[in-house]
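Good morning, colleagues. Please look at the chain on the screen, and I shall take you through its strands, its overall form and its pocket.

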Amino acid sequence: MPAGVSLTVGSNNEVKVKGPKGELTQNLDRDIKVEVKDNQVEVSRPTDQIRHRAMHGLYRSIIANMVKGVTDGFSKKLELVGVGYKATNTGNVLDLALGYSHNIIFEIPKELSLETLTEKGANPVITLTGSDKQLLGQVAAKIRSLRKPEPYKGKGVKYVGEYIRRKAGKSAGK
């Protein structure tokens, strides 16, 4: 556990992690035991059943992500590829022009922060940052689902660094 981070296990196996970037809570299964010993978090399971082994690894990684989130935080970047695709924000409200007949207004949860960047000659980039990895990934996936990248021209909303497998057009079949 890094310095400045406290982890408490409450009733009903509720884990709370407090740090410099906020506080996160997670309810765990009642079979999994979490203890803090010598500034280390120990996750244990009662048996070697498949269900217990799966939950053991799941909750260990969830707790590790909570600790990393309240110390460093997480961020995801989305890129808009396409002619006329634009992204602007006012506070936590995202305004997207994705080639539809209307703009899409998308409200970001208050736990996350939003930043849009549009440079001349480059694709617009949306940056989401926050301490909750699960919420961050869910919101980024929802924004991406508004216009998924298509395989012929590669237009759409994609993650920065994501590889889009391209297909040949109909002229390639002749």
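I begin with one residue pair: K37 has Q40, in β5, as its bridge partner. The two belong to an antiparallel pairing in which strand β4 (residues 33-37) and strand β5 (residues 40-44) are joined over five bridges. Strands here are DSSP runs of E with at least two residues, helices are runs of H or I with at least four residues, and both are numbered from the N terminus. Two strands are said to pair if DSSP finds at least two bridges between them. Between β4 and β5 the hairpin has two residues, and D38 takes a positive phi near 50 degrees.

A word on the basis of these statements. This is a predicted model, in which local features need pLDDT of at least 70 and side-chain atom pairs count only at pLDDT 80 or more, while totals for chains, interfaces and linings use all residues. Residues are numbered from 1 along each chain as its sequence is written, and side-chain values use heavy atoms, with hydrogens and water left out.

Let me turn to the chain in general. The protein chain has two helices and 12 strands. In order from the N terminus, the elements read β-β-β-β-β-α-β-β-β-β-β-β-α-β. The radius of gyration, taken over C-alpha atoms, is compared with a globule rule of 2.2 Å times the number of residues to the power 0.38. The chain is more spread out than a compact globule, because its radius of gyration is 21 Å, well over the 16 Å that the rule gives for 174 residues. Its C-alpha trace spans about 60 × 45 × 25 Å along the principal axes. Of the 174 residues, 34% are buried (under 20% relative accessible area with a 1.4 Å probe, protein chains only; exposed is over 50%, and partly exposed lies in between).

How are β7, β8 and β9 ordered in their sheet? They form an open sheet of three strands in the order β7-β8-β9, with antiparallel pairing. β7 and β9 stand at the edges with a single partner strand each, so one side of each has no neighbour in the sheet.

Consider the two pairings in turn. Strand β7 (residues 86-90) is joined to strand β8 (residues 93-97) by five bridges, and T90 stands opposite V93 in β8. Their hairpin has two residues between the strands, and G91 in the turn has a positive phi of about 70 degrees. On the other side, four bridges join β8 to strand β9 (residues 104-107). Within β9, I105 is the bridge partner of D95, and F106 is that of L94. Six residues lie between the strands of this second hairpin, where G99 has a positive phi near 90 degrees.

Another glycine, G10, lies in the loop between β1 (6-9) and β2 (14-19). G10 is partly exposed, with a relative accessible area of 40%. Its C-alpha atom is separated by 9.5 Å from that of N27, 17 residues apart along the chain.

Finally, the pocket. Which residues line the largest pocket? They are L24, T25, Q26, I62, N65, M66, D132, K133 and Q134. The elements giving two or more residues to this lining are β3 (22-27), α1 (50-71) and α2 (133-145). By class, three lining residues are nonpolar, four polar and two charged.

Conventions
1 Å grid on protein atoms, 1.4 Å probe; cavity = no way out; pocket = protein on both sides within 12 Å on 5 of 7 lines; lining within 4 Å. Nonpolar A, V, L, I, M, F, W, Y, C, P; charged D, E, K, R; others polar.
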